[in-house]
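Me: Please consult the sequence and the model displayed here. I should then like to put some questions about them.

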Amino acid sequence: MLIRNICCIGAGYVGGPTMAVIALKCPHIQVNVVDTNKERINQWNDDDFDNLPIYEPGLGEIVKKCRGKNLHFSINVEEMIEKADMIFISVNTPTKTKGVGAGKVCDLKWVEKSARQVANFSKGHTIVVEKSTLPVRTAEVIQLILNSCQNQSKLEFNNKSFDVLSNPEFLAEGTAINDLLKPDRVLIGGDNPEAIESLRIIYKRWVPESKILETNIWSSELAKLTSNAFLAQRISSINTIAALCESTGADVREVSRAIGRDSRIGSKFLDSGPGFGGSCFKKDILNLVYLAEYFGLPEVATFWNSVVSINNWHQHRISKLIIQKLFGSLSGKKIGILGFAFKANTNDTRESAAIQICKDLLEEGAILLIHDPKVEKKKIDQDLSYENKYTNSWNIVDCVEEALENVHAAVILTEWQDYSNINWHEISLKMIKPAWIFDARSIVDKQKVLDAGINIWRIGDGST
Ligand code: UDX
Ligand code: UDX
């Protein structure tokens, strides 16, 4: 089946960039991205491309080229479903907060709602593609919903039919466009070769065929969870070694470099930091933990759960260390926080280590001056406001200098390029002595900080 019209439900971090790239590479396909959030859609349609709802290098140019031609953003969910030959489900799948599996398993209510919308409004044959990261066997749920409508529609003499494919997204935020244009692999899970071929034809327009992998649908779903679990596991592993380095006089950068030279280990994802964040890692591991428990494999569940618990421990470890270096009390002390996003080159703060570390410092009575070049003030306020506590204890500032004025310490939590170019000699004059830099991302020049008369602690550096 040759696809001429695509609808993507969910104009978020995954749906938006993915559809923009498909539209760019497939000018013969009309791509409609729909979302129930009107404000978000208005932002996607903003005349000023700096106002797109997502900050992703390269995204603005692609949207500029395609929007209004074969890429459209709207809230007309039903109409666009009706027109589509292929529908991507790219809605969010937050962790359930209550009921069975609370705190671990994904809440599938939006996926279910989307499947019902597809069932009701689609026409003819439709290929439904799971793009959201989902627990294994979700395709079965989607298929069941679609089938029930198929039976219903037969009665109404309005034949509809569906295929369900799994096509997980491996893009990382901040490099989404590059990851989409040059993926390591594209995974298509399904059981109907014709449906798989329809999606393969789309990717083949820019991805070499050898990189397009076919699997059964359950393997595809599980591969996505496993991929994120392995990546997160590497970060927890190196963060435990960082703690050991600090106690033994070793340096985690040197250890990483040494082990990364082993081609079996590889050099990527070995940077110790303040703990992993982002919308996927924790959620996906907890899903894996739930699956293992559900299938009676408690040892497997415990193994993967430890990746998350080490990450939590690690974040608190950094907070405790800051408190200890500042003479055991932060009461009334000003601390500059450099970076709030969960990593550089994104405005996303979901599960950012900065949230937990800032909360720990606020809990100790600190006053925070927070800077991030991309995260909106409103977002930081939302992330830190809990139980209406400490609302007057933080200020969000517009520049690095302001964040470091009259502070006892600066804590670097996101590896923004700007932070590696700070003139510490100038800053030193404005800081309260003894002043401290806590560099949880290893981006500042240690010697320059020391030469400026500031104390420094670096993650995993046993000599500081
Ligand atoms: C994605 C994946 O879909 C998720 O499974 C993965 O684990 C994280 O990344 P993401 O694109 O980051 O989600 O989520 P988000 O930016 O929240 O976007 C989802 C969009 O879906 C939102 O704009 C929301 O308004 C929209 N939505 C949700 C709908 O349009 N309809 C719904 O019924 C529910
Ligand atoms: C991740 C996966 O990389 C991607 O394939 C998947 O589709 C979605 O989840 P993302 O969450 O955007 O992408 O970011 P990623 O670059 O993987 O970083 C996740 C977290 O790990 C960040 O907080 C980052 O700072 C941290 N990290 C990463 C480290 O602490 N050290 C590293 O060496 C690498």
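**Ligand contacts and an open sheet**

Reply: In this predicted model, a polar backbone atom of T133 lies 2.9 Å from an oxygen atom of ligand 1. The protein covers 93% of the 690 Å² of accessible area that ligand 1 has on its own.

Me: Which residue has a polar side-chain atom 3.1 Å from an oxygen atom of ligand 1?
Reply: V14 places a polar backbone atom 2.9 Å from an oxygen atom of ligand 1, so to speak of a side chain one must look elsewhere. The polar side-chain atom at 3.1 Å from a ligand oxygen belongs to K113.

Me: How many charged residues are in the shell around ligand 1?
Reply: Ligand 1 is surrounded by 20 residues, the closest being V14, D35, R40, T93 and K283. By class, the shell has ten polar and five nonpolar residues, and its charged residues number five.

Me: Why is one side of strand 11 and of strand 14 left without a neighbour in the sheet?
Reply: The open sheet has six strands with parallel pairing, in the order 11-10-9-12-13-14. Its neighbouring strands are turned by 15° against each other on average, direction ignored. Strand 11 (394-396) and strand 14 (455-458) have a free side because each stands at an edge, with a single partner strand.

Me: Which residue in strand 13 is the bridge partner of A409?
Reply: Strand 12 (residues 409-412) and strand 13 (residues 436-439) run parallel and are joined by four bridges. Within strand 13, the bridge partner of A409 is W436.

Technical notes. Residues numbered from 1 in each chain as written. Chains lettered and ligands numbered in written order. Predicted model: local features only at pLDDT ≥ 70, side-chain atom pairs only at ≥ 80, totals over all residues. Heavy atoms only, no water. Pairing = 2+ DSSP bridges. Helix = DSSP H or I, 4+ residues; strand = E, 2+ residues; numbered from the N terminus. Axes fitted to C-alpha atoms, helices over the stretch in contact; angles between N-to-C directions. Near = heavy atom within 4 Å. Polar contact = N/O pair within 3.5 Å; in protein donor to acceptor, adjacent residues only side chain to side chain. Areas by Shrake-Rupley, 256 points an atom, 1.4 Å probe, with all protein chains shown as cover. Nonpolar A, V, L, I, M, F, W, Y, C, P; charged D, E, K, R; others polar.
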